[in-house]
Amino acid sequence: MRIMAISDLHGNLEGLDPSGADVVVLAGDIAPLRGRGVWHVNDQKKWINKKFHEWTQSYPDVQFVVAPGNHDFFPIAHILFKDQGVDWTFDFSENVHFLGDRGTEIKGVKFYGSPWVPIISYSWAFEGEHDTLQKWFSKIPADIDVLITHSPPRIPGCDVDRSIQTDSEHFGSSELTEAIIDKRPRFVFCGHIHTGLHGGVDFEGSRIYNVSRLDENYEIAYEPTWVEV
């Protein structure tokens, strides 16, 4: 199986061509977001239902495996804005597998996706403190091939979660690191920290890739990652 992996599109589909992939992995922060109010999030939902739907539908031979990220409010908008009189139904094409703390299997390859990230400012989607992160990451099955997380793990001596914008500070999740050690997925695709080390790193039997597409200025900086699984 040939996989194209990418994350942190933030609504930018420019030049993305998954032709030749069996599966496209999207590791969160898919949709654009100009603000966190109800109408901004409604615009995000509309983008998912139109632009993203049309893009994925135009590649009917490709399966898309999607986990949301902390900028992706559309999956939880019906909870956050339940009294606003907005229809929060979001619609994916038939070749999209949406994984919010759940798994799927494609041609014998097992995928699992989780959107959770460590607390940034208590104002983003899918943020969690230690107990919350531990709770959700503990649900990762032990027999999966591909783990898709928006957060990178925190690995000592590794820059997969290092932001060059914040004086080399690391933002990965140690709770995710523990889950990877325990569950040992073959591949881990993450993003969230745009300028984290790209190119892949081996850790405890897993191959971990930061696949963010944009840099910290939200400009296209990285090509998609291609792997054989």
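**Exercise 1. Describe how β13 and β14 are connected, and then place β14 among its neighbours.**

Solution. Begin with the connection: β13 and β14 form a hairpin with 2 residues between them, and Glu204 in the turn has a positive phi of about 50°. Strands here are DSSP runs of E of at least two residues and helices are runs of H or I of at least four, numbered from the N terminus. The model is a predicted one, in which local features need pLDDT of at least 70 and side-chain atom pairs count only at pLDDT 80 or more, while totals for chains, interfaces and linings use all residues. Residues are numbered from 1 along each chain as its sequence is written, and side-chain values use heavy atoms, with hydrogens and water left out.

Next, consider the pairing, for which two strands need at least two bridges found by DSSP. β13 and β14 run antiparallel and are joined by 3 bridges, with Ser206 in β14 as the bridge partner of Phe203. β12, by contrast, runs parallel to β14 and is joined to it by 4 bridges; there Phe187 stands opposite Arg207.

Finally, 4 of the 5 residues of β14 (residues 206-210) are buried, so this strand is largely enclosed by the rest of the structure; buried means under 20% relative accessible area, exposed over 50% and partly exposed in between, with a 1.4 Å probe and protein chains only.

**Exercise 2. Work out the strand order of the open sheet of 5 strands, and follow the pairing of β1 within this sheet.**

Solution. The order is β4-β3-β2-β1-β15, with mixed pairing. The edge strands, each pairing on one side only, are β4 and β15 (225-228). Neighbouring strands are turned by 20° against each other on average, direction ignored, where axes are lines fitted to C-alpha atoms, for helices over the stretch in contact, and angles run from 0 to 180 degrees between N-to-C directions.

On one side, β1 (residues 2-6) runs parallel to β2 and is joined to it by 4 bridges; Ile3 stands opposite Val23, and Ile6 opposite Leu26. With β15, β1 pairs in the antiparallel sense over 4 bridges, and Met4 has Trp226 as its bridge partner. Since 4 of the 5 residues of β1 are buried, this strand is largely enclosed by the rest of the structure.

**Exercise 3. Characterise the geometry of α1 and identify what its buried residues pack against.**

Solution. Helix α1 (residues 38-57) has 20 residues and reaches 27 Å from its first C-alpha to its last, close to the 28 Å expected at 1.5 Å a residue, the expected span being 1.5 Å times one less than the number of residues. There is nevertheless a kink of about 35° centred on Trp47, the bend being the angle between axes fitted to the seven residues ending there and the seven starting there.

The helix lies across β2, β3 and β4, running at about 145° to β3. Its buried residues, including Val38, Val41, Trp47 and Phe52, pack against β2 (23-27), β3 (63-67), α2 (77-80) and β4 (96-98). Contact means heavy atoms within 4.5 Å.

**Exercise 4. Is His10 buried or exposed, and which residues does His10 touch?**

Solution. His10 has its place in the loop between β1 and β2. With a relative accessible area of 13%, His10 is buried. Not counting residues up to four places away in sequence, His10 touches Asp29, Ile30, Ala31, Pro32, His71, His194, Leu214 and Tyr218.
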